[in-house]
Amino acid sequence: MEQQLEKALNEINSQPDTVGCLITNRQGLCLGAAGKINPKMSGIGMALSEQACKLEPNLNPPTIVLYSGNKRCIIQKDGEITGVIYKESSSN
């Protein structure tokens, strides 16, 4: 399981413009992280995902995208886990 998780994280982190990524469980505990991302952000990512699911119960699951300058934070829940990906545009 850990090898599959690490492989998935490294694959996500190798995508263009990706700075870092993490996966968290339903309790907000970080299951794994790759790149430049603070694992302590796992609880916040999970909480935002839970709230978005309450706001949009018909979207299964909603995707959250937060923008700040040339940076993006993408959060999506998939069953019992939540993924958080940080991206940075090189064009700005």
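Seven residues make up the largest nonpolar core: Leu22, Ile37, Ala52, Ile64, Cys73, Ile75 and Val84. Such a core is a set of buried Ala, Val, Leu, Ile, Met, Phe, Trp, Tyr and Cys residues joined through side-chain atoms within 4.5 Å; buried means under 20% relative accessible area, exposed over 50%, and partly exposed in between (1.4 Å probe, protein chains only). A second, separate core has 5 residues, among them Leu5, Leu9, Cys21 and Ala34.

The model is predicted: local features need pLDDT of at least 70, side-chain atom pairs count only at pLDDT 80 or more, and totals for chains, interfaces and linings use all residues. Residues are numbered from 1 along each chain as its sequence is written, and side-chain values use heavy atoms, with hydrogens and water left out.

An open sheet of 5 strands, paired antiparallel, follows the order S2-S1-S5-S4-S3. Strands are DSSP runs of E with at least two residues, helices runs of H or I with at least four, numbered from the N terminus; two strands pair if DSSP finds at least two bridges between them. S2 (30–35) and S3 (63–68) are at the edges with a single partner strand each, so one side of each has no neighbour in the sheet.

Both helices lie against strands, contact meaning heavy atoms within 4.5 Å. Axes are lines fitted to C-alpha atoms, for helices over the stretch in contact, and angles run from 0 to 180 degrees between N-to-C directions.

| Helix | Strands | Angle |
|---|---|---|
| H1 | S1, S2, S5 | about 150° to S1 |
| H2 (42–55) | S1, S2, S3, S4, S5 | about 65° with S4 |

Asp17, in the loop between H1 (2–13) and S1 (18–24), has a positive phi of about 70° although it is not a glycine.
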